[in-house]
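Here is a walk through one protein model, stop by stop. Keep the structure open as you read.

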Amino acid sequence: MAEQAKTESHDPDFPEAFLQFMRSGWREDPLAVTPLPEVPNYAKRRAALSEAFPGETLIIPSGNEKVRANDTDYPFRPGSDFFYLTGDRDPDSVLVLLPTGSGHDAVLFTRERNSKETDRFFRDRNGELWIGRTHTLAEKSAELGVDTASLGQLGTVLAGSAPGRTRVLRGLDANVDRAVLAYEPNREKPRDRELAWVISELKLVKDEWEIGQLQAAIDATVRGFEDVARVLPADRPVKERLLEGVFGLRARHEGNDVGYSSIVGSGPHATILHWVRNTGVTTPGELLLMDMGVEGNNLYTADVTRTVPVNGTFTPLQRQVYDIVHASQQAGMDAIRPGVKFKDIHQTCMRVLAEGLNDLGLLPVSVDEAMSENSTVYRRWTLHGFGHMLGIDVHDCSNARKESYRDGELKEGYVLTVEPGLYFQAEDDLVPAELQGVGVRIEDDVLVTSDGCRNLSAGLPRSSGEVEQWLASQREAGPRLPV
Ligand SMILES: [Mn+2]
């Protein structure tokens, strides 16, 4: 990228003649802004939050850019809760809900433009000459349907906020955290954490618009998996990063990005839950596990995993392991409906896995004993829970209280993953040699409906036979670009 125009050793001087010349002769074209169609959603969410905390000031920051090196930053993504309440994508912004007699006034404090009126236009790293046209406060207000104010005024507002009547979503913006000291007299009812969990719990039930956003991200993810299957050779190795890159192209082209670092695990890498280095190569005869999701343009993400036999056909033992995981996933999906406990879905999935491990002759104790709370030895090979909430975050609603999530009941409108797996580490001497280095996970995204659930990622095959047919037909169709 270009070097930044600020005072650094490699910067050119700014002779007065040059400064004078740069200050004149620019036209100012207005930005055509219209309210985003999703503006009512954000207003509705702010109203729900307002209702939960009458008479209190609520402060929700977007977060700041993080330096990668020198003048290069990591790509910025707004804080998920901030985005959920505003739709604003800029760093440093802060949403403040100020109490009024009847509710709250929402004000979005945000950066002013570095427009052509000041030298920052061409000298500042955030000048518009460097980063392109940004919104005026009025333009941002019109687009997002919320009052805006200059970030420069935020300090006064924060300094005036009353302890005991103010809550901050902490951990996002160190300046905001410092400006508003925590006021937590009651350990049982931590005020700032209560704000975090209330927002998380507001996010549990997805409305029609959100379900549409998730479905679009999942549909793009289905196409991304197809793209990958089409370039995966049956008979020779390719780099895991080729597959990561092909999926990433789909994600950038159709959405905002990938929703999390893609896991492309060939052979024994499939047993490493967070294998994101993707430095290996595929091996015909082995399995390939891919956990990848497109994050859509409104930041809702898919989270899908498929495990495929690289050469096109499962060996009998690979198929046996795969079919156990598939049966576990199906049992979980069959059990999902409103009123069922999240925990019970977990137990349902895990019991099928434990029974499968028993069939494989691996459990050192009976299935019942393995499933008892004081044993759980089966977990050596299952490693993680059956799933999690999905939304703007891949692990959505993570600040929800235990009683409304892990220990709670499912409700209509929840979207969650169902993703059991079996993992036999390469160095596990308690499993036969042919199982060492075998990992299988099948992950789908489901919507809880009034009487069950709907698989939003049904566009991809799940059973072993269907996976083989799908892989064959994708290969037959041949490689394609997203356009
Ligand atoms: Mn997942």
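Two strands count as paired when DSSP finds at least two bridges between them. Keep in mind that this is a predicted model.

Start with a sheet. Three strands form an open sheet in the order 13-16-17, and their pairing is antiparallel. Strand 13 (415-418) and strand 17 (453-455) are the edges, each pairing on one side only. From one strand to the next, the twist averages 35 degrees. Strands of a sheet pair through backbone hydrogen bonds, either parallel or antiparallel. Look at strand 16 (residues 444-448): three bridges join strand 16 to strand 17, and the two run antiparallel. One bridge can be picked out by its residues: L447 has R454 in strand 17 as its partner.

A helix covers this sheet. Helix 12 (residues 316-335) packs on the sheet and touches strand 13, strand 16 and strand 17. The direction of helix 12 makes about 15 degrees with that of strand 16.

Now move to the metal. Which residues coordinate the manganese ion? They are D303 (OD), H388 (NE2), E419 (OE) and E443 (OE), at 2.0 to 2.4 Å. Along the sequence, these donors follow the spacing D-x84-H-x30-E-x23-E. Take H388 and E419, which link distant parts of the chain, 31 residues apart. H388 sits in the loop between helix 15 (379-382) and strand 13. E419 sits in the loop between strand 13 and strand 14 (421-424). Are these two buried or exposed? The cut-off for buried is under 20% relative accessible area. H388 has 6% relative accessibility, so it counts as buried. E419 has 8%, so E419 counts as buried too.

Next comes an arginine. R306 lies in strand 12 (residues 304-309). Its relative accessible area is 2%, so R306 is buried. A polar atom of the R306 side chain lies 3.4 Å from the backbone oxygen of L460. The residues that R306 touches include the metal donor E443. Others among them are F225, L288, M290, D444 and P461.

F225 leads to the last stop, a helix pair. F225 is one of the helix 10 residues that meet helix 11. Helix 10 (residues 208-231) and helix 11 (residues 240-254) pack at an angle of about 145 degrees, with their axes 9 Å apart. Their crossing is right-handed. On the helix 10 side, the meeting residues include A220, G224 and V228. On the helix 11 side, they include L243, V246 and F247.

Key
Residues are numbered from 1 along each chain as its sequence is written. This is a predicted model: local features need pLDDT of at least 70, side-chain atom pairs count only at pLDDT 80 or more; totals for chains, interfaces and linings use all residues. Side-chain values use heavy atoms; hydrogens and water are left out. Helices (H or I, at least four residues) and strands (E, at least two) are DSSP runs, numbered from the N terminus. Axes are lines fitted to C-alpha atoms, for helices over the stretch in contact, and angles run from 0 to 180 degrees between N-to-C directions. Contact means heavy atoms within 4.5 Å. Donors are N, O and S atoms within 2.8 Å of the metal (3.2 Å for Na, K and Ca); water is not among the atoms, so sites may look incomplete. Buried means under 20% relative accessible area, exposed over 50%, partly exposed in between (1.4 Å probe, protein chains only). A polar contact is a pair of N or O atoms within 3.5 Å; within protein, one must be able to donate a hydrogen and the other to accept it, and residues adjacent in sequence count only if both atoms are side-chain atoms. A crossing is left-handed if the near helix is turned anticlockwise from the far one by less than a right angle, and right-handed if clockwise. Lists of a residue's contacts leave out its neighbours within four places in sequence.
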